[in-house]
Amino acid sequence: MAAPTLEVRNLRTHFFTRAGIVKAVDDVSFTVERGKVLGLVGESGSGKTVTGFSIIGLVDPPGRIAGGSILFQGRDLAKLSEEEMRDLRGNRIAMIFQDPMMTLNPVLRIDTQMIETVLAHKKVSREEARQRARDTLGMVGIPSPDERLKAYPHQFSGGMRQRVAIAIALLHEPDLIVADEPTTALDVTIQGQILAEVQKLAATTGTSLIWITHDLSVVAGLADDIAVMYAGRVVEQGAVSEVLDRPLHPYTSGLIGSVPSRNKRGEPLRQIPGMTPSLLNLPPGCAFRTRCPRAGEECMAEPEIRGAGPGRMVRCFRPITEGAEQVA
Amino acid sequence: MTVYLVRRLLQALLVVLAMSVIVFVGVYAIGDPVEILISPDADQLERERAVVALGLDLPLWQQYLVFLTKALQGDLGNSFVFNEPALKLILQRMPATLELAFGAMFLSILVGLPLGLYAGLRPDSPVSKGIMAGSILGFSLPTFWVGLMLIMVFAVQLGWLPSTGRGDTASLLGLQWSFLTIDGLSHMAMPALNLALFKISLVIRLTRAGVRETMLMDYVKFARAKGLSPARVTFVHVFKNILIPVVTVVGLELGSTIAFSVVTESVFAWPGMGKLIIDSINVLDRPVIVAYLMIIVLMFITINLIVDLTYSLLDPRVRLESKGT
Amino acid sequence: MSDATANGTAPATPRKDKVETPFRRFVSEFCESKVAIGGLIVFTAIALIAIFAPWITPQNPYDLAQLDIMDGRQEPGTTGGAGFTFWLGTDDQGRDMMSGIMYGLRISLTVGAGSALIACLVGASLGLLAAYAGGRTDSAIMRLVDLQLSFPSILVALMILAFLGKGIMNVVIALVIVEWAYYARTVRGTALVERRREYIEAAQCLALPTHRILFRHLLPNCLPPLIVVATMQVARAIALEATLSFLGLGVPITEPSLGLLIANGYEYMLSGKYWISFYPGIALLVTIVSINLVGDQLRDVLNPRLKK
């Protein structure tokens with residue numbers, strides 16, 4: 001088996017604020033194989049976005065990577081210089097942001113924003129760069145790309161802008177794309193189109209994908225593997241079908257329970273009580289303890305992540321065992 | 001775009017009219033114009049004749065109409081002191097004021113933008129804190145006092161720069177300009193810096209705030225995620241966004257720079273419109289006062305109009321909106 | 001579901017706060033900036049000097065009997081005929097500059113604070129009226145505000161003094177006309193927001209008289225931004241008065257403010273007798289900067305948008 005595209009090991013990204021250290025990402029490990037899609041799932045504030053920014057090396061002060069390694073094709077990104085990192089960014093590793101209305105610079109034309117990306121990493125003529133930009137726009141399904149290149153971002157709809165952003169990410173056929181909730185801000189129909197588009201592109205180019213989202217239904221259709229994050233930690237991970245069918249962690253089970261679906265019509269939607277705790281003062285022991293229906297004495301200690309069957313990991317003292325009823 | 005333009009022009013016209021009423025009423029109706037316009041030795045009969053000749057027996061609104069008709073023909077009366085048309089006097093002094101004002105604007109951008117950019121990019125460095133403290137001083141120090149201090153240090157103590165006057169001038173487009181000669185420039189340096197001080201502080205603040213706000217935008221992070229060099233991110237992605245508000249404000253400030261040149265010109269005895277108006281107020285040369293105020297009002301309105309139009313050209317979003325109306 | 005709700009109460013973080021009145025909170029937040037406290041102390045000292053000037057100055061600089069022309073243009077630190085030291089030198093009339101500055105402060109502060117107060121009353125009332133009445137009244141008042149704010153303060157003041165001539169009262173009138181618009185705009189902006197709040201509706205339902213709603217209910221809630229604007233405007237008024245007096249359009253010779261003192265020393269400065277202009281300038285500078293420092297901190301503390 002070839003080396004994985006990305007291997008994150010014990011990543012810790014902390015924000016050193018005046019109010020204290022915020023452990024936005026705390027001991028996170030996962031692997032993304034070549035051409036595979038990893039779904040990184042969690043509520044807002046669970047650290048999934050910061051994980052994404054850590055990989056691409058764009059954690060802004062007061063945050064910084066405090067420990068662990070990010071092995072990208074064997075190189076540790078956490079140890080690279082800013083210059084080396086910039087070489088990879090947008091080239092071998094690309095990122096797509098959440099809000100397409102905000103990711104394109106409003107005062108620069110689309111062609112400027114695309115061509116500068118090409119020229120940042122390849123020594124080609126402006127004309128070749130424009131050619132590449134036009135081809136990529138066509139590839140992501142933007143009609144009459146020649147004309148659209150000369151437009152300003154505000155002349156595009158949200159879905160079109162996200163396609164442009166995706167096109168920019170694809171310009172250098174990267175080995176890894178970190179997509180941070182790229183469809184959350186879009187209509188459901190557009191969301192579907194873009195998901196299908198991305199899936200197709202990933203499959204044809206062999207690009208690996210980290211899809212950050214809070215939406216389990218998106219992950220279910222798109223991802224190969226899934227990692228569930230809670231309060232800066234991965235609480236459960238494994239193959240998508242296994243995790244979604246047989247969640248081990250009570251939090252995963254709660255998440256699944258709160259997705260509305262046709263099968264559960266008539267039943268009241270289940271919800272996870274309480275809110276994500278503030279990362280500044282996490283309760284001692286398991287961070288999910290205060291909201292967990294299965295919490296007990298031992299949960300006052302901090303649980304370690306441990307193996308639970310082939311390819312599966314869980315961070316819980318009292319995982320939901322086979323046969324036990326799912327409680328939320 | 002045309003509809004927008006016409007609407008803005010109409011608005012501007014209305015303001016000019018309103019201001020002409022205010023200035024007219026202010027200067028001619030408050031106080032007794034007869035006292036000023038007619039020689040004190042004149043007897044009763046002469047006075048009455050003069051009153052009729054000047055139209056002062058007419059109701060106020062008719063007097064205003066006469067004033068307005070004449071004003072439209074470029075006749076704003078003769079200066080009592082110089083016995084020359086007031087308008088001509090002002091126009092003669094205008095190049096000196098304009099060159100000073102533009103010099104100050106140029107300085108404010110030249111100094112303010114880089115300092116503001118630095119302070120915005122490194123908000124916590126001691127240098128930035130120094131820059132910001134300096135800008136607070138620039139806002140709160142009275143211009144005339146700074147001017148005096150400049151003279152004290154650079155003219156009296158160090159003797160580097162001349163303290164007053166315009167120096168040698170050279171001719172361009174039929175007008176005399178100081179900035180074309182070395183001597184003229186050395187005369188201009190202090191007054192221009194003095195006049196620019198407030199604007200420099202303003203540009204620093206605007207730029208810094210703009211940079212800090214823009215740096216947090218997703219599109220800047222996205223630009224960095226594309227692997228662009230920090231220089232390109234700063235000077236293309238950030239800079240182009242903050243240039244719009246800064247240019248707008250600096251443009252809008254041209255009018256106020258011209259107005260505040262009154263102070264600087266008095267301190268440095270710079271022979272511009274501002275010095276003329278102060279002298280005229282002190283000797284109650286009313287036609288010159290009226291002419292100055294009307295010209296300044298016109299200038300203001302024109303500047304506002306131009307800035308509005310430039311703004312719509314610079315920002316593609318505004319352009320689209322104005323096309324729609 | 002019931003046990004879910006029982007679990008749902010998030011762990012309350014124990015905090016031991018004293019009872020926090022808005023005023024105490026305001027004071028403690030204000031005191032977070034040492035610079036602002038310094039500004040406040042300096043300004044208080046200046047105000048005290050201005051108030052008690054007649055009792056603490058070595059001479060009354062405007063009592064000609066106390067002046068000796070022989071003491072004219074003495075350098076700082078020389079001792080004059082009357083037996084006391086001119087710490088800041090004398091002007092051409094033999095006037096002790098320190099006494100002159102203290103008296104000048106009186107006039108500058110009176111004119112600045114007085115005009116700011118009147119402008120505040122006028123502006124706040126019109127702003128409240130605009131916000132409360134709405135419709136034509138509102139647009140008429142706000143058009144006037146916009147028109148006036150589109151012209152720089154110095155120009156408006158110049159125009160008015162050109163109409164009225166010099167004199168303390170005329171300067172105050174000019175400053176009021178220059179400043180009222182800032183207050184009106186601020187108060188209207190805040191009042192428009194406050195007007196939609198329930199407590200105003202409640203007051204209207206009780207059929208309280210309009211002036212009572214305006215001044216007892218609406219105005220107190222518009223105070224924080226008003227205080228900020230007022231502080232800044234006092235500094236601006238003092239600076240503008242000094243500028244106008246320097247230009248010879250402001251206060252008369254018989255009641256010289258700091259600006260006029262500076263103007264009087266201007267001609268001597270070129271011959272190296274800097275102190276006649278310099279020290280009044282420093283006094284003016286310290287006054288304005290100290291007020292601005294206080295104002296800056298007030299704005300940070302009172303501006304709800306900056307609150308975390």
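Among contacts in chain C between residues at least 6 apart in sequence, 69% join residues at least 24 apart. This is a predicted model, and chain C is a good place to start reading it. Its secondary structure amounts to twelve helices and two strands. Read from the N terminus, the elements go α-α-α-α-β-β-α-α-α-α-α-α-α-α. The two strands thus follow one another in that order, with four helices before them and eight after. Of the 308 residues in chain C, 50% are buried. The chain exposes about 15200 Å², and 62% of that comes from carbon and sulfur atoms.

One residue of chain C shows these contacts in detail. C:Gln297 sits in helix α12, which covers residues 275–302 of chain C. Is C:Gln297 buried or exposed? Its relative accessibility is 11%, so C:Gln297 counts as buried, the cut-off being under 20%. What does C:Gln297 touch, once its neighbours within four places in sequence are left aside? The partners are C:Glu29, C:Phe30, C:Glu32, C:Ser33 and C:Ala36. A residue of helix α12 is therefore in contact with residues numbered 29 to 36, given that contact means heavy atoms within 4.5 Å. C:Ser108 is another matter. C:Gln297 and C:Ser108 are 189 residues apart along the chain, and their C-alpha atoms are separated by 23 Å.

Chain B can be described in the same terms. It has 13 helices and two strands. Buried residues account for 48% of its 325 residues. Among its contacts between residues at least 6 apart in sequence, 71% join residues at least 24 apart. The accessible surface of chain B is about 15000 Å², with 68% belonging to carbon and sulfur atoms.

Chain B also meets both of the other chains discussed here. Take chain C first. How many residues of chain B are in contact with chain C? There are 39, and they touch 35 residues of chain C. Together the two chains bury about 3200 Å² between them, and 84% of this lies on carbon and sulfur atoms. Three residues stand out on the chain B side: B:Phe144, B:Trp145 and B:Leu148. They supply 18% of the area that chain B buries against chain C, more than any other three residues.

Now turn to chain A. Here the contact takes 22 residues from chain B and 27 residues from chain A. The area buried between chain B and chain A is about 2400 Å². Carbon and sulfur atoms give 62% of that area. Which residues of chain B lose the most area to chain A? They are B:Lys221, B:Phe222 and B:Lys226, together 27% of what that side buries.

Next come the internal spaces. The structure holds six cavities of 30 Å³ or more. The largest has a volume of about 70 Å³. Its lining is made of A:Ile96, A:Ile166, A:Leu170, A:Ile177, A:Val198, A:Leu201, A:Ala202, A:Thr205, A:Thr207 and A:Leu209. Two elements of chain A give two or more residues to this lining: α7 (158–170) and α8 (188–205). The largest share, four residues, comes from α8(A). How does the lining divide by residue type? Eight residues are nonpolar, two are polar and none is charged.

Chain A also has some backbone features to inspect. Most residues other than glycine have a negative phi, and most peptide bonds are trans. The peptide bond from A:Pro61 to A:Pro62 is cis, with omega near 10°. A:Pro62 lies in the loop between α1 (48–56) and β4 (63–72) of chain A.

Two further residues have a positive phi without being glycine. A:Gln73 has phi near 50°. It belongs to the loop between β4 and β5 (75–76) of chain A. A:Ala231 also has phi near 50°. Its place is in the loop between β9 (225–230) and β10 (233–239) of chain A. What is the relative accessibility of each? For A:Gln73 the value is 44%, so this residue counts as partly exposed. For A:Ala231 the value is 2%, so this residue counts as buried.

Methods:
Residues numbered from 1 in each chain as written. Chains lettered and ligands numbered in written order. Predicted model: local features only at pLDDT ≥ 70, side-chain atom pairs only at ≥ 80, totals over all residues. Heavy atoms only, no water. 1 Å grid on protein atoms, 1.4 Å probe; cavity = no way out; pocket = protein on both sides within 12 Å on 5 of 7 lines; lining within 4 Å. Points joined across faces, edges and corners; volume = space filled by probe spheres on them. Nonpolar A, V, L, I, M, F, W, Y, C, P; charged D, E, K, R; others polar. Buried < 20%, exposed > 50% of the residue type's maximum accessible area, 1.4 Å probe, protein only. Areas by Shrake-Rupley, 256 points an atom, 1.4 Å probe, with all protein chains shown as cover. Buried area = accessible area lost by both parts, 1.4 Å probe.
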